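Here is a set of short exercises to work through with the structure open beside you. Try each task yourself before you read its solution.

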Amino acid sequence: MNASSNNAISQEPFDDFDLNEHFESYILLSQNYREQFSYPWIAYIMMFDHFSLLKDETRFRVSSARNLWVSSNNYKPEQKFLSTKAVHNEQPVRNKKFLILGEKLPTASILFPGSNAYEEAIFIGNLLYRFKTPSIVVQAVTEEDVAVTVKFAKEHGLKLTVKSGGHSYAGYCLNHGGIVLDISSMNKVSIDHENMTVSIQGGAVWRDAYSLLKEKDLRLMMIGGQCPTVGVSAFLLGAGLSPFSRRYGLGIDNLLEMTIITANGEKVTVTHDDIDPAKRDLFWAIHGGGGGNFGITVSVKTKLHNLRDPNGTVVCGELTWNLPKQEADFKAMMNVWNTTTWPEEMSQCLKDLAPLFDFNPDNGLEAMHWTDWEVIDASFDVFSQVYYHHGSFIFAEGGITPKVAAIITQLMEEAKTLVPDSSSNSASECHILWDHIGGATTKLKPEDTAFPWRDGVYVATVRAQWVDPSLHKRMFEFVDRAKELLLPYSIQGKAAYINYIDSTVENWQEAYYADNYPRLQHVKSHWDPTNFFQFEQSIEPVGHKRTHHRKPGWKPWEKFTPPTPQQLGNPKTKNHVYATNAHIRRSMLSHKE
Ligand SMILES: Cc1cc2nc3c(=O)[nH]c(=O)nc-3n(C[C@H](O)[C@H](O)[C@H](O)COP(=O)(O)OP(=O)(O)OC[C@H]3O[C@@H](n4cnc5c(N)ncnc54)[C@H](O)[C@@H]3O)c2cc1C
């Protein structure tokens with residue numbers, strides 16, 4: 001993950017600002033290894049993403065209920081679009097069914113495999129999961145489109161998964177052979193300044209929300225994610241770590257209301273003080289139960305906050321220690337980091353961080369508007385040609401002991417042997433990132449929300465990313481090894497974070513939900529008794545037999561022959577990428593989930 005701001009990071013960032021006086025800052029600590037740098041350990045001293053990226057990509061559609069055609073302003077009119085007739089002729093039985101759906105949908109478009117529009121709608125960066133092939137994509141525009149699609153899929157026994165931002169680490173927004181409901185057009189945001197709340201449609205990504213806040217009032221801030229293209233709904237459903245969490249809690253701690261289309265296709269709005277106990281239970285369950293489990297979120301209402309600085313300025317940047325040169329400084333700093341009681345909110349940044357400055361970091365801090373801190377993850381970009389795999393851990397206060405720091409150093413040494421030649425393979429990397437939460441996130445009890453790890457203070461993710469398909473086995477083994485070494489130090493020796501979902505977690509029910517899992521099953525039994533919303537790690541109704549069985553040692557990469565770099569080629573335009581993906585998909589159709 002590259003962190004960069006709009007402005008170049010300067011070694012002398014404090015010229016015009018008195019950081020001791022005016023700015024708020026929050027800390028995210030990460031240890032990062034990339035071969036091309038010599039071993040940097042970085043403390044990101046927050047802030048945040050920049051959201052103007054991709055603004056010009058807003059698509060428009062040419063569609064009607066009768067002509068299931070879609071287009072987009074990316075495509076030239078002379079390009080071939082699938083016509084209902086053509087599809088009908090090729091796949092008469094399958095598509096007859098979908099033509100019926102098309103008649104029922106008030107405003108949505110339907111996309112079939114073979115078109116660039118289909119490829120664009122289901123695009124995900126990770127090559128491990130990119131080629132899951134749904135029969136159709138429904139691009140919903142209204143809540144009614146969502147409800148009609150859910151009812152249709154249920155009636156016809158079809159799989160259905162929903163896709164918003166497409167950032168599921170395990171590609172769980174996609175499926176093979178079913179319907180993918182793309183709700184990314186449902187992305188409106190409205191602010192109620194008087195009541196300090198914001199309402200966001202279920203398909204919005206953080207960029208949609210933050211750009212409106214910035215436009216309305218520079219001071220306005222909300223508890224959202226660090227990546228502008230992460231979906232708001234799924235981020236919140238999975239608890240939601242934010243750079244502001246130490247002060248204001250998790251995303252779910254700020255959630256006021258959620259509207260969901262349930263497995264029956266009904267619209268339900270839930271709040272914490274509902275009279276109906278079943279609705280109250282559902283509100284509890286969506287506080288960390290995870291995306292794709294209870295229904296389709298079509299809107300959320302959450303709290304707004306004001307930053308103290310009138311221009312919404314905060315301190316962001318990185319403190320970096322170069323290893324092995326600065327190993328002694330680094331180790332001493334980590335010990336101080338781990339044993340210091342940090343404030344929930346840093347009102348005097350330099351003073352608050354003084355204990356770290358004693359250990360000679362490269363100082364990349366600067367003051368900027370909170371939305372101008374950009375975290376770019378190139379592996380989610382349309383030109384991404386990488387495979388990646390994650391594991392996650394949650395540690396309690398004081399969890400980064402010298403022993404843990406030594407294990408991480410050892411793992412980073414191992415990583416060097418995996419990505420040895422950065423010059424020819426610069427997209428390959430291994431890193432461990434630590435989100436520093438605590439403070440307000442620890443104020444609730446484990447059973448107060450579905451997210452149980454309230455004593456968690458560091459949420460870590462280990463990531464392996466590679467380009468060469470022959471590295472699959474070694475990279476998975478590297479993450480397995482990191483888990484083997486670090487899990488014993490995580491809470492109860494098992495805590496993992498649902499939003500950093502990992503398809504290889506053993507006993508994920510306990511790892512994500514601990515003692516809250518049985519209650520989640522009861523809620524599931526009430527709202528989705530037939531287990532309509534399901535994927536490999538979805539919550540099961542009580543007494544339900546698991547439909548997805550995982551053999552011990554199962555590895556996702558064993559499921560298919562991955563595309564080679566030669567097949568992927570070197571596309572220069574998005575349309576070329578989509579056309580290439582369509583071509584590869586066709587040649588992979590024999591591979592099953
Ligand atoms: C680069 C990057 C940065 C991240 N930063 C953070 C962070 O700072 N803090 C944090 O907590 N997490 C973070 N995450 C994790 C992120 O919150 C989760 O991966 C989240 O599930 C992504 O949501 P999405 O809509 O983008 O993905 P999708 O793949 O579209 O959806 C993820 C899952 O939720 C389901 N889903 C999507 N939309 C809905 C909906 N409307 N209703 C019900 N289910 C739905 C999907 O079916 C899928 O199972 C980050 C992830 C990435 C890749």
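Helices, of at least four residues, and strands, of at least two, are DSSP runs numbered from the N terminus. Keep in mind that this is a predicted model.

**Exercise 1. Take stock of the chain: how many helices and strands does the secondary structure come to?**

Step 1. Counting the elements gives 17 helices and 21 strands.

Step 2. Now turn to burial, where a residue is buried if 20 or more other C-beta atoms lie within 10 Å of its own. Of the 593 residues of the chain, 50% count as buried.

Step 3. Finally, look at contacts between residues at least 6 apart in sequence: 73% of these join residues at least 24 apart.

**Exercise 2. Work out which strands stand at the edges of the four-stranded open sheet.**

Step 1. Write down the strand order, which is 4-5-7-6, with mixed pairing.

Step 2. Look for strands with a single partner. Strand 4 (109-111) and strand 6 (160-163) each have just one, so one side of each is left without a neighbour in the sheet. From one strand to the next, the twist averages 25 degrees.

Step 3. Check the pairs. Strand 4 runs antiparallel to strand 5 (residues 136-139), and three bridges join them. Here I110 has V138 in strand 5 as its bridge partner. Strand 6 and strand 7, in contrast, pair in the parallel sense over four bridges, and T161 has V180 in strand 7 as its bridge partner.

Step 4. Follow the side chains of strand 6. L160 and V162 point one way, T161 and K163 point the other way, and all are buried.

Step 5. Add the helix. Helix 5 (residues 143-155) lies across strand 5, strand 6 and strand 7 (179-182), and runs at about 170 degrees to strand 7.

**Exercise 3. Do the same for the five-stranded open sheet, then find the helix that lies across strand 8 and strand 9.**

Step 1. The order is 8-9-13-11-12, and the pairing is antiparallel.

Step 2. Strand 8 (189-192) and strand 12 stand at the edges; each has a single partner strand, so one side of each lacks a neighbour in the sheet. The twist averages 15 degrees from one strand to the next.

Step 3. Strand 8 is joined by four bridges to strand 9 (residues 197-201), and the two run antiparallel. The bridge partner of D192 in strand 9 is T197.

Step 4. The helix is helix 6 (residues 206-216), which runs at about 40 degrees to strand 8. Its buried residues include W206, Y210 and L213. Among the elements that cover the buried residues of helix 6 are strand 8, strand 9, strand 10 (220-221) and helix 7.

Step 5. For another helix beside this sheet's strands, try helix 9 (residues 277-285), where L282, F283, W284 and A285 are buried. The buried residues of helix 9 pack against strand 12 (267-270) and helix 15 (517-527).

**Exercise 4. Describe the shell around the ligand: which helix gives the most residues?**

Step 1. The ligand is surrounded by 32 residues, and the closest are G165, S168, G231, A234 and G291.

Step 2. Strand 6, helix 7 (232-237) and strand 13 (296-303) each supply at least two residues of the shell. Helix 7 gives the most, with four residues.

Step 3. Sort the shell by character: 13 residues are nonpolar, 17 polar and two charged.

Step 4. Place the shell in the chain. Domain 1 (60-184 + 563-588) and domain 2 (189-308) each contribute at least three residues.

**Exercise 5. Decide whether R247 is buried or partly exposed, and find its contacts.**

Step 1. Locate R247 in helix 8 (residues 245-248).

Step 2. Count neighbours. R247 counts as partly exposed because it has 18 C-beta neighbours inside 10 Å.

Step 3. Set aside neighbours within four places in sequence; R247 is then in contact with E344, E345, G439 and A440. R247 and E345 are 98 residues apart in sequence, yet 5.6 Å apart in space, C-alpha to C-alpha.

**Exercise 6. Where does A514 lie, and what is its phi?**

Step 1. A514 lies in the loop between helix 14 (508-513) and helix 15.

Step 2. Its phi is positive, about 50 degrees, although A514 is not a glycine.

Step 3. With 18 C-beta neighbours inside 10 Å, A514 counts as partly exposed.

Technical notes. Residues are numbered from 1 along each chain as its sequence is written. This is a predicted model: local features need pLDDT of at least 70, side-chain atom pairs count only at pLDDT 80 or more; totals for chains, interfaces and linings use all residues. A residue is buried if 20 or more other C-beta atoms lie within 10 Å of its own, exposed if 12 or fewer, and partly exposed in between; C-beta atoms are placed from the backbone. Two residues are in contact if their C-beta atoms, placed from the backbone, lie within 7 Å. Two strands pair if DSSP finds at least two bridges between them. Axes are lines fitted to C-alpha atoms, for helices over the stretch in contact, and angles run from 0 to 180 degrees between N-to-C directions. A residue is near a molecule or strand if its C-beta atom, placed from the backbone, lies within 6 Å of it. Ala, Val, Leu, Ile, Met, Phe, Trp, Tyr, Cys and Pro count as nonpolar, Asp, Glu, Lys and Arg as charged, and the others, Gly among them, as polar. Domain bounds come from an automatic or database domain assignment.
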